[in-house]
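Visitor: Please take one part of this protein and go through it closely. I would like the setting too, kept brisk.

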Amino acid sequence: MTPESPREAGLLPAELTTEGVEPAHAFANDVRERLRGVGFSDDAIDDWSREFVAHGGAGETAALLRWIVAEERRHDDALASAAVSPSRGV
């Protein structure tokens with residue numbers, strides 16, 4: 001896990017519904033100490049939790065942690081792909 005915000009990981013913002021506010025807060029509180037331990041700021045933890053819920057995430061705290069890792073990996077893979085095969089300009 002890389003301590004970065006969802007935006008830094010290339011995730012476009014999603015709208016959180018009113019119904020999603022409480023679950024997002026609950027997820028953030030459940031993972032806060034663990035993510036602080038690896039360098040995430042409180043703002044980044046809150047942002048990741050809101051994005052997880054806004055993107056349809058649900059279930060246990062472990063699902064949020066897996067989702068963060070997957071989103072960071074997806075972004076890193078896209079960056080690596082772009083570096084290996086640069087677009088050809090005209």
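**Arg 32 and its surroundings**

Guide: Start with charge. The protein carries 9 positive and 17 negative charges, and their mean positions lie 6 Å apart. Keep in mind that this is a predicted model.

Next, the overall layout. The protein has three helices and zero strands. Along the sequence the pattern reads α-α-α. Its C-alpha atoms fill a box of roughly 50 × 30 × 20 Å along the principal axes. Of the 90 residues, 32% count as buried. The exposed surface comes to about 5,800 Å², and carbon and sulfur atoms supply 52% of that area. Now look at contacts with a separation of 6 or more. Residues 24 or more positions apart account for 72% of them.

Now the part itself. Arg 32 sits in helix 1, which covers residues 21–37. Is Arg 32 buried or exposed? Its relative accessible area is 13%. Buried means under 20%, so Arg 32 counts as buried.

What does the side chain of Arg 32 meet? One polar contact goes to the side chain of Asp 46, at 2.6 Å. Another joins the side chains of Arg 32 and Asp 42, at 3.2 Å. Set aside residues up to four places away in sequence, and Arg 32 touches Asp 42, Ile 45 and Asp 46.

Those partners lead to helix 2, residues 42–54. Helix 2 has 13 residues. From first C-alpha to last it reaches 18 Å, close to the 18 Å expected at 1.5 Å a residue. Which residues of helix 2 are buried? They are Ala 44, Ile 45, Trp 48, Ser 49, Glu 51, Phe 52 and Val 53. Ile 45 is thus one of the buried residues in helix 2, and Arg 32 touches it. Just after helix 2 comes Gly 56, with a positive phi of about 90°.

Stay in helix 1 for a second arginine. Arg 36 is also placed there. Its relative accessible area is 37%, so Arg 36 is partly exposed. Beyond residues up to four places away in sequence, Arg 36 touches Asp 42 and Ile 45. Both of these residues are on the contact list of Arg 32 as well. For a longer reach, take Arg 36 and Ala 70. They are 34 residues apart along the chain, and 19 Å separates their C-alpha atoms.

Helix 1 also holds Asp 30. Where does Asp 30 stand on accessibility? At 53% it counts as exposed, because the cut-off for exposed is over 50%. Asp 30 and Ala 62 are 32 residues apart in sequence, and their C-alpha atoms are 9.8 Å apart.

One more approach to helix 2 comes from the segment before helix 1. Pro 3 lies in that segment. Pro 3 is partly exposed, at 42% relative accessible area. Leaving aside neighbours within four places in sequence, Pro 3 is in contact with Val 38, Gly 39 and Phe 40. Pro 3 and Ala 44 are 41 residues apart in sequence. In space, the distance is 7.9 Å, C-alpha to C-alpha. Ala 44 is among the buried residues of helix 2.

To pull it together: Arg 32 is buried in accessibility terms, at 13%. Its side chain makes polar contacts with Asp 42 and with Asp 46. Arg 36 touches Asp 42 too, yet Arg 36 is partly exposed.

Definitions and conventions
Residues are numbered from 1 along each chain as its sequence is written. This is a predicted model: local features need pLDDT of at least 70, side-chain atom pairs count only at pLDDT 80 or more; totals for chains, interfaces and linings use all residues. Side-chain values use heavy atoms; hydrogens and water are left out. Helices (H or I, at least four residues) and strands (E, at least two) are DSSP runs, numbered from the N terminus. Buried means under 20% relative accessible area, exposed over 50%, partly exposed in between (1.4 Å probe, protein chains only). A polar contact is a pair of N or O atoms within 3.5 Å; within protein, one must be able to donate a hydrogen and the other to accept it, and residues adjacent in sequence count only if both atoms are side-chain atoms. Contact means heavy atoms within 4.5 Å. The expected span of a helix is 1.5 Å times one less than its number of residues. Accessible areas come from the Shrake-Rupley method with a 1.4 Å probe; for residues, only the protein chains shown count as cover. Lys and Arg count as positive and Asp and Glu as negative; His and the chain ends are not counted. The place of a charge is taken as NZ of Lys, CZ of Arg, CG of Asp or CD of Glu.
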